[in-house]
Amino acid sequence: MTKKFWIGLIIILIVALMGVYYQKFLKNPHCAYDGSPVTPIYEVDIVLKEKSTKKFCSIYCATQWFKNNVTLIDHVIVTDEIRGNKIDSYMAYFVESELITNETNDNRIHVFQQRQDALTHAEKFHGTMTDDPFSLDE
Amino acid sequence: MLFVAIFSLSLGGFLFLLTIKTLLSFKTTVPLEDKSKFERKGYLVFLLACVTLSVRMIVWPWFYFMLQSFVSEVPGAMCMFGVTQILPSTVTFLQIIKPISFFIMGGWLLCYYVDKSTPTAPLARKNLLFLLIVCGVLLADGIGDIYYVIRMKPLMSVSCCATFFDVPLRPSAMIPQAIFGRNFQKILFILYYLSNIILIILLLTGISRKWESLTPKYRMIILYSQYAIGIINIPVVIYTIIENIAPKLMQLPYHHCIYCFMGNGMVPDAPIMLGLFVIGTFAIGWMGILRLLCKNGEARLITERLLLKGNNVSAFCFLASIIMVTIHLILI
């Protein structure tokens, strides 16, 4: 194997590490409640009235922050666990099941865009449909 | 895209006619007074072919850039898959013909390189005949491109990729499940590493010093094994990417869309991973074309040298692709 071969492999190694770094630290922000990295599939975005956004790693963290800052909040965007689509929380289906999304805070609430996905999850992981934890009373 | 398609199609059409004309007037021995004219004409045909084919080869990744650019225009589209739902049969045709044309154009350029490197151009006739086939594919590809760009109107609402890639009866799950049973994802994953590693070992054997000391029989066995595993590796890699790698790397465990993986920027280096796999696989095929067409007489030495380089490139691409995937799987 030539010198070029090894140099090429080192370049590829650097590219892959940069890709991982981007995914872990640049693309995925940190939770505004507990500081842990936000996994895209469980991301919750709380949009404030002054138009800035707070990102959270789980429903648990988002609800904890939500309870103390209700007056500041405009609306909440959650992520569909199946497709990764971002949807307004009032359009989403929430299921509390035995499956834990985040072991550090024991979050068991799951979000789905489609009712059928929520029912399938509830059946599979012994869960029940729950209300939107981010409902803003007018 | 439309400009490139029209430009390459007109060049391709001209090249096709010129190639037929040159082939019809082709003589193995040319009188001395006509030699210069004949050489100039041949040189022009091949130069034109090199320019046209190089442009057409770039069109393959460009096509996906174009599809990605349409995502925001098509109602309901979340990724390139949504765009492919408009004129689906044309897109399917283009998605099939583009890798084929990339492959045979690459093969032709390598054959031309061998011919050009020899003083008497012994492969000129073979190259012209091969160019005729290449031109046919080029024309079909170019016409397809123009038809698609002109007819494509993002007016209808399309479905999201999840309705195709994430359903339990998706083809990428059903086919491996029919072969390997319920635990197909695990088996596919093992098979992915196994076939790639075996392929890399076989390719590295081709460039090692031991290669010269092997008997012709063993060499043939290794070569045919390379081709066979290279072909088997294609569906194995595609299914493993869709079923295992893409969901893990995108951090969307239930989402199997290869278009999201490739173009949504969730995994920024995903196109490099896939590109390396494609080049690695095609390099094996290109070596096959070289062995088939260029391994006689004067061109033998240059072909051997090029085959060695091809082996090296292929082994490098597979190794690099597998390293990138592994690093992501471990660190994500």
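This report walks through a predicted model with two chains, A and B, from overall build down to single residues.

**The two chains side by side**

Let's start with what each chain is made of. Chain B has 13 helices and 0 strands, so reading along its sequence gives you α-α-α-α-α-α-α-α-α-α-α-α-α. Chain A mixes things up, with 3 helices and 7 strands. Its elements come in the order α-β-β-α-β-β-β-β-α-β.

Here are some overall values for each chain.

| Chain | Residues | Radius of gyration | Span along principal axes | Buried residues |
|---|---|---|---|---|
| Chain A | 138 residues | 19 Å | about 70 × 40 × 25 Å | 34% |
| Chain B | 332 residues | 22 Å | about 70 × 55 × 30 Å | 38% |

What do those radii tell you? For chain B, a compact globule of 332 residues would come out near 20 Å, and the 22 Å of the model agrees with that. For chain A, a compact globule of 138 residues would sit near 14 Å, but the chain has 19 Å.

The contacts add another angle. Take pairs in chain B with a separation of 6 or more: 77% of those contacts are between residues 24 or more positions apart. In chain A, 53% of the contacts between residues at least 6 apart join residues at least 24 apart.

**Two domains in chain A**

The domain assignment splits chain A into domain 1 (1-29) and domain 2 (31-130). Measuring from C-alpha centre to C-alpha centre, domain 1 of chain A and domain 2 of chain A lie 32 Å apart.

**Where the chains touch**

How many residues does each chain bring to the contact? Chain B brings 21 residues and chain A brings 19 residues. On the chain B side, H13(B) gives the most, with 9 residues. Sorted by class, that side of chain B has 15 nonpolar, 4 polar and 2 charged residues.

**The core**

Now for the inside. The largest nonpolar core has 111 residues, and Phe261(B) and Leu290(B) are the ones with the most contacts inside it. Which helix gives the most to this core? That would be helix H13 of chain B, residues 300-331, with 12 residues. Chain A takes part too: domain 1 (1-29) and domain 2 (31-130) both give residues to the core, so the core lies between them.

Phe261(B) deserves a second look. Setting aside its neighbours within four places in sequence, Phe261(B) is in contact with Ala246(B), Leu249(B), Met250(B), Val267(B) and Ala270(B).

**A bent helix**

Helix H10 of chain B covers residues 216-250, and it bends by about 50° at Ile241(B). Just after H10(B) comes Gln251(B), which takes a positive phi of about 60°.

**Two loop residues with a positive phi**

Next, look for His126(A) in the loop between helix H3 (115-124) and strand S7 (128-130) of chain A. It has a positive phi of about 50° although it is not a glycine. Is His126(A) buried or exposed? His126(A) is exposed, because it has 9 other C-beta atoms within 10 Å and 12 or fewer counts as exposed.

Leu87(B) also has a positive phi of about 50° without being a glycine. You'll find Leu87(B) in the loop between helix H3 (80-84) and helix H4 (88-117) of chain B. With 16 other C-beta atoms within 10 Å, Leu87(B) is partly exposed.

**Two helix residues to find**

Met66(B) lies in helix H2 of chain B, which covers residues 32-70. Why is Met66(B) partly exposed? Met66(B) has 19 other C-beta atoms within 10 Å, and a residue needs 20 or more to be buried, so it falls in the partly exposed class. Try spotting Leu47(B) as well: Met66(B) and Leu47(B) are 19 residues apart in sequence and 28 Å apart in space, C-alpha to C-alpha.

Ile198(B) has its place in helix H8 of chain B, residues 184-207. Ile198(B) is partly exposed, with 15 other C-beta atoms within 10 Å. The C-alpha atoms of Ile198(B) and Gly230(B) are separated by 9.8 Å, and the two residues are 32 residues apart along the chain.

Key: Residues are numbered from 1 along each chain as its sequence is written. Chains are lettered from A and ligands numbered from 1 in the order in which they are written. This is a predicted model: local features need pLDDT of at least 70, side-chain atom pairs count only at pLDDT 80 or more; totals for chains, interfaces and linings use all residues. A nonpolar core is a set of buried Ala, Val, Leu, Ile, Met, Phe, Trp, Tyr and Cys residues joined through C-beta atoms within 7 Å. Helices (H or I, at least four residues) and strands (E, at least two) are DSSP runs, numbered from the N terminus. Domain bounds come from an automatic or database domain assignment. Two residues are in contact if their C-beta atoms, placed from the backbone, lie within 7 Å. Ala, Val, Leu, Ile, Met, Phe, Trp, Tyr, Cys and Pro count as nonpolar, Asp, Glu, Lys and Arg as charged, and the others, Gly among them, as polar. The radius of gyration is taken over C-alpha atoms; the globule rule is 2.2 Å times the number of residues to the power 0.38. The bend at a residue is the angle between axes fitted to the seven residues ending there and the seven starting there.
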